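Here is a short guided tour to read with the structure open beside you. We begin with one helix pair, then step out to the whole chain and its annotations.

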Amino acid sequence: MTFAFSFFFSFTASYFFAFIYDAPKKLFIPAGLAGASGYMVHFIFIETMQMDTIYTSLIGSLTLGLISQILSRLLKSPVVIFMIPGIIPLVPGSLAFRATQQLVTLDFTSAGTTFIRAILIAGSIALGLLLSDQLSKTLNITKYWRVKKNKL
């Protein structure tokens with residue numbers, strides 16, 4: 001049941017952020033599915049293998065980036081339309097809020113630890129997206145999906 005809820009809410013967050021981001025209407029559902037797939041990989045690795053969130057964020061963002069590259073070539077749209085709404089479920093917002101709250105309440109040791117953890121998670125998300133971009137350029141995904149390029 002938690003898998004269904006996680007999928008639904010991560011899809012909804014990505015879908016509506018694509019709406020806020022002013023993406024074309026036909027790309028709302030693919031952007032939502034890209035975000036949900038990245039988060040579900042993250043969630044499955046946390047739940048089944050009890051991995052740390054830093055590593056699962058890296059794997060989830062790598063999955064999100066590869067799916068975004070594939071969808072951008074299939075639907076002939078920019079990769080950013082799928083990546084930006086897709087990272088929303090992965091972003092450690094509550095962790096950064098907790099660190100700020102600890103800082104305001106003068107709990108400096110806990111605040112420092114929590115800030116470092118939030119920064120490491122954000123860095124792993126960025127690294128996963130960077131690796132997926134480089135993998136798609138290296139492997140040339142268009143060859144495998146046989147998408148015809150527009151010739152003017």
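## A helix crossing and its surroundings

In this predicted model, the axes of helix 1 (residues 2-20) and helix 4 (residues 80-87) come within 8 Å of each other and cross at roughly 125°. Angles over 115 but not over 145 degrees count as oblique, which makes helix 1 oblique to helix 4. Which residues make the contact? On helix 1 they are Ser14, Phe17 and Ala18, and on helix 4 they are Ile84, Pro85 and Gly86. The handedness of this crossing is right-handed.

Let's stay with helix 4 for a moment. How many of its eight residues are buried? Six of them are, so helix 4 is mostly covered, buried meaning under 20% relative accessible area. The buried residues are Ile81, Phe82, Met83, Pro85, Gly86 and Ile87. Two of the residues that touch helix 1, Pro85 and Gly86, are thus also on the buried list. The cover over these buried residues includes helix 1, helix 2 (28-49), helix 3 and helix 6 (108-139).

## The chain as a whole

Stepping back, the chain has seven helices and zero strands. Read along the sequence, its pattern is α-α-α-α-α-α-α. The C-alpha trace spans about 60 × 30 × 30 Å along its principal axes. Of the 152 residues in the chain, 36% are buried. Among contacts between residues at least 6 apart in sequence, 65% join residues at least 24 apart.

## What the UniProt record says

The UniProt entry, which is unreviewed, annotates residues 7-133 as "domain: Threonine/Serine exporter ThrE". The same kind of record lists residues 28-46, 53-71, 77-97 and 109-131 under "transmembrane region". The table sets the domain span beside two of those listed regions, with values computed from the model.

| Span | Distance between end C-alpha atoms | Helix | Strand |
|---|---|---|---|
| Residues 7-133 | 24 Å | 82% | 0% |
| Residues 77-97 | 34 Å | 62% | 0% |
| Residues 109-131 | 33 Å | 100% | 0% |

Residues 109-131 are 100% helix in the model, whereas residues 77-97 are 62% helix.

## Three residues worth a click

Two residues in loops stand out for their backbone. Asp22 is found in the loop between helix 1 and helix 2, and its phi is near 65°, a positive value in a residue other than glycine. Is Asp22 buried or exposed? Its relative accessible area is 66%, and exposed means over 50%, so Asp22 is exposed.

Leu106 lies in the loop between helix 5 (93-104) and helix 6. Its phi is also near 65°, again a positive value in a residue other than glycine. With 61% relative accessibility, Leu106 counts as exposed, because the cut-off is over 50%.

Finally, have a look at Arg73, which sits in helix 3 (residues 53-74). Its relative accessible area is 24%, which lies between the cut-offs of 20% and 50%, so Arg73 is partly exposed. What does the side chain of Arg73 make a polar contact with? The partner is the side chain of Gln69, at 2.7 Å.

How values were computed. Residues numbered from 1 in each chain as written. Predicted model: local features only at pLDDT ≥ 70, side-chain atom pairs only at ≥ 80, totals over all residues. Heavy atoms only, no water. Helix = DSSP H or I, 4+ residues; strand = E, 2+ residues; numbered from the N terminus. Buried < 20%, exposed > 50% of the residue type's maximum accessible area, 1.4 Å probe, protein only. Polar contact = N/O pair within 3.5 Å; in protein donor to acceptor, adjacent residues only side chain to side chain. UniProt positions renumbered as here; feature names shortened; annotations may be inferred. Axes fitted to C-alpha atoms, helices over the stretch in contact; angles between N-to-C directions. Parallel < 35°, antiparallel > 145°, perpendicular 65-115°, else oblique. Left-handed = near helix turned anticlockwise from the far one by under 90°. Contact = heavy atoms within 4.5 Å.
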